[in-house]
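Visitor: I would like a close look at a single part of this structure, followed outward into whatever surrounds it. Please take the time to connect the details.

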Amino acid sequence: MSITPTTPPVGGTLSVIRSLLPSLVPSEQRVAVQFLEHADEVALLSAADVAARANTSPATVIRTCKNLGFKGFQHLRLLLIRDTGAARTAGNSSLDAADSRDWAPAHFDAAVQNMSDALGALDYSEFDRAAAAIAQARRVLVVGNGGSSPAAQAFALLLIIAGRGSEAPADSVTQQLSARTLGPGDVLVAVSSSGQNAVTMDAVTAARGTGATIVGVTGYARSRLRENSDLLLVAGSGETITESYIIASGMAVQVLFLSVLNTAVTRKMGTERRQHVMDQVLNLVGEEPQSTTDAH
């Protein structure tokens, strides 16, 4: 299972770095933070310059780049130059405007760009395999807790609407018990932004050894969830959570990504099945409620 693409899409370099940051040793984390917080400057610096800023050695800077999945420091510099150039071209100075008719749309535009960048660390071959596994599964169990719970619940509902039956118990004990009943041909989808949520990992641990396929959905490429997943889908915001990007952080990214995954699942299910299910859904929502008088 590859951890990160060698060359992320335009705008996705910082997302890749952020997704791998917790897995680095302290000296490498200091280097990575320089990349994240000073991308414009780092793009014009040497490895020795970055090392001085991070209070480490040039060798550590180069090692950090390679541990992040890049070919070396020069490769990362070129990607940062590419991304910062694209950001300036697409930049919008209206974010700080006084008139809400200017700054409100600008925040939406910034959020859209930020959410697009969240796919920088996604392995699309893993994505396709995960969609196929979910589409073909005998049972699908979706678990998510804490801040990831709403996204997990929404994904389960989308699967049901698409005709792909699923379970998404909110209670942690029920999650573990359900995970233990899985078997070959079943899929557990574990949603955890950090990849470390203890309650979610209890359900994942319960599913290990049952023969079920475990699909992890997280914002970090190296975590407990990665170590225990058969397929790992990494999608997360490349920006820190600030007022300007709050709508594009955490939950919003998860919900959007899982809705895209649901689309991939429905495509794997086949056109005839999708149409049959949608006809049933339309009939259901189109039915008028039966009156109390008619019921008697």
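Visitor: In which loop is Leu44 found? From there, please lead me to helix H11 and the elements that cover its buried residues.

Guide: Leu44 is found in the loop that runs between helix H3 (39-42) and helix H4 (47-54). With a relative accessibility of 69%, Leu44 counts as exposed, and together with Leu78 and Ile81 it makes a nonpolar surface patch of about 320 Å². A second loop, between H4 and helix H5 (58-67), holds Asn55, a residue that is not a glycine and yet has a positive phi of about 55°; most residues other than glycine have a negative phi. Asn55 also counts as exposed, at 63% relative accessibility.

Before turning to H11, some caution is in order, since this is a predicted model. The average pLDDT of the protein is 82, and 78% of the residues score at least 70. Over residues 238-248, however, the pLDDT is below 50, although this stretch has 22 contacts in the model beyond near neighbours in sequence. Where pLDDT is low, the predicted coordinates should not be read in detail.

Helix H11 spans residues 198-207, and its buried residues are Thr200, Met201, Ala203, Val204, Ala206 and Ala207. The cover over these buried residues includes strand E1, helix H10 (172-180), strand E2 (187-191), strand E3 (213-218) and helix H12 (224-227). At the start of H11, a side-chain oxygen of Asn197 reaches to within 3.1 Å of the backbone nitrogen of Val199, while after H11 comes Gly209, with a positive phi near 90°.

One of the covering strands, E1 (residues 140-144), contains Gly144, which is buried with a relative accessible area of 5%. Gly144 and Thr200 are 56 residues apart along the chain, but their C-alpha atoms are separated by 6.0 Å. Apart from its neighbours within four places in sequence, Gly144 is in contact with Ser149, Ala152, Gln175, Val191 and Thr200.

The loop that leads from helix H8 (124-136) into E1 holds Arg139, whose side chain is joined to that of Thr181 by a polar contact of 3.0 Å. Setting aside neighbours within four places in sequence, the contacts of Arg139 include Arg164, Glu167, Leu182 and Asp186. Asp186 also forms a salt bridge with Arg138, in which the closest N and O atoms are 2.7 Å apart. Because Arg138 lies in the loop between H8 and E1 and Asp186 in the loop between H10 and E2, this pair ties together parts that are 48 residues apart in sequence. Arg138 counts as exposed at 54% relative accessibility, whereas Asp186 is buried, with a relative accessible area of 0%.

Within H8, Glu126 forms a salt bridge with Arg129, the closest N and O atoms being 2.4 Å apart. These two residues are three places apart in the helix, so they are separated by about one helical turn. Here Glu126 counts as buried at 3% relative accessibility, and Arg129 as partly exposed at 43%.

On the far side of H11 in sequence, the side chains of Asp230 and Arg208 meet in a salt bridge of 3.8 Å, N to O. This pair links distant parts of the chain, with Asp230 in the loop between H12 and strand E4 (231-234) and Arg208 in the loop between H11 and E3, 22 residues apart. Asp230 is partly exposed, with a relative accessible area of 38%, and Arg208 likewise counts as partly exposed, at 38% relative accessibility.

Note on methods
Residues numbered from 1 in each chain as written. Predicted model: local features only at pLDDT ≥ 70, side-chain atom pairs only at ≥ 80, totals over all residues. Heavy atoms only, no water. Patch = residues over 30% accessible without salt bridge, like charges linked within 9 Å, V, L, I, M, F, W, Y side chains within 5 Å. Areas by Shrake-Rupley, 256 points an atom, 1.4 Å probe, with all protein chains shown as cover. Salt bridge = Lys/Arg side-chain N within 4 Å of Asp/Glu carboxyl O. Helix = DSSP H or I, 4+ residues; strand = E, 2+ residues; numbered from the N terminus. Buried < 20%, exposed > 50% of the residue type's maximum accessible area, 1.4 Å probe, protein only. Contact = heavy atoms within 4.5 Å. Polar contact = N/O pair within 3.5 Å; in protein donor to acceptor, adjacent residues only side chain to side chain. pLDDT = per-residue confidence, 0-100.
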